[in-house]
Amino acid sequence: MFIKKEDLSKPVQTLITDADSLTDYILSNIPILKHSKLSVAKLTDNSIKLSAPLYENRNHYGSAFGGSIATIGIVAGWAILTYKIKKENIPTTLVIKSSHTEYKLPVQNDFYAEVIIEQNEWNNFKSKISEKGKAGMSVTSKIISNGNICSEQQSVYVGIQPK
């Protein structure tokens, strides 16, 4: 795992206040996602909905490419945690540790990834980072199209504070 050398002792004030500024942050920090045309469709303190058009994320069968589905699910979890970290000014580098995607139905139309964070899990994550300098958090992403859950993803993210 490679972690960008960041000086977290002096937090950079990246202003993420709403869905549009979070979309800009995602696309400017993960350039490969620009082609996916994903956007933050909904953002609350504990949930996110990332939408993606089928056309830019399709495979040779005309359904959504499994790699796009997995990527957008991972990014949805990373994005809501990043939003909360920035909002609460927690000096932390967030990385993905593991992820497993279960594909249930083909995605044949535009789709979105939805993540809801439980407040008590978030509080535990923050406490562990504060106490130990490192913490993991499991997040479930659901990929939904036409009202159907087409895939579910379990991902573990790790927050690491500077020494």
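Mentor: Contact, or touching, means heavy atoms within 4.5 Å. This is a predicted model, where local features need pLDDT of at least 70 and side-chain atom pairs count only at pLDDT 80 or more, while totals for chains, interfaces and linings use all residues. Residues are numbered from 1 along each chain as its sequence is written, and side-chain values use heavy atoms, with hydrogens and water left out.

Trainee: Which residues does leucine 22 touch, leaving out those up to four places away in sequence?

Mentor: Leu22 is a good place to start, being among the residues with the most contacts inside the largest nonpolar core. Such a core is a set of buried (under 20% relative accessible area, 1.4 Å probe, protein chains only) Ala, Val, Leu, Ile, Met, Phe, Trp, Tyr and Cys residues joined through side-chain atoms within 4.5 Å. Its touching partners are Ile16, Val40, Leu43, Ile48, Ala79 and Tyr83.

Trainee: Which element gives the largest share of that core?

Mentor: Helices (H or I, at least four residues) and strands (E, at least two) are DSSP runs, numbered from the N terminus. The core has 41 residues, and elements giving two or more include α1 (19-29), β2 (47-52) and α2 (66-87). With 10 residues, the largest share comes from α2.

Trainee: What is the strand order in the open sheet?

Mentor: Two strands pair if DSSP finds at least two bridges between them. The sheet has six strands with antiparallel pairing, and the order is β1-β2-β4-β5-β6-β3.

Trainee: Which strands have one side left without a neighbour in the sheet, and why?

Mentor: Look at the edges, where a strand has just a single partner, so one side is left without a neighbour in the sheet. The strands standing there are β1 and β3 (93-103).

Trainee: How many bridges join β5 to β6?

Mentor: These two run antiparallel and form a hairpin with two residues between the strands, where asparagine 146 takes a positive phi near 50 degrees. One bridge pairs glycine 136 with valine 158 in β6. The number joining β5 to β6 is 12.

Trainee: What is the bridge partner of threonine 101 in β6?

Mentor: β3 and β6 run antiparallel, joined by 10 bridges. In β6, threonine 101 has as its partner glutamine 153.

Trainee: At about what angle does α3 run to β5?

Mentor: Axes are lines fitted to C-alpha atoms, for helices over the stretch in contact, and angles run from 0 to 180 degrees between N-to-C directions. While α1 lies across β1 and β2, α3 lies across β3, β5 and β6. Relative to β5, α3 runs at about 150 degrees.

Note on methods. Buried means under 20% relative accessible area, exposed over 50%, partly exposed in between (1.4 Å probe, protein chains only).
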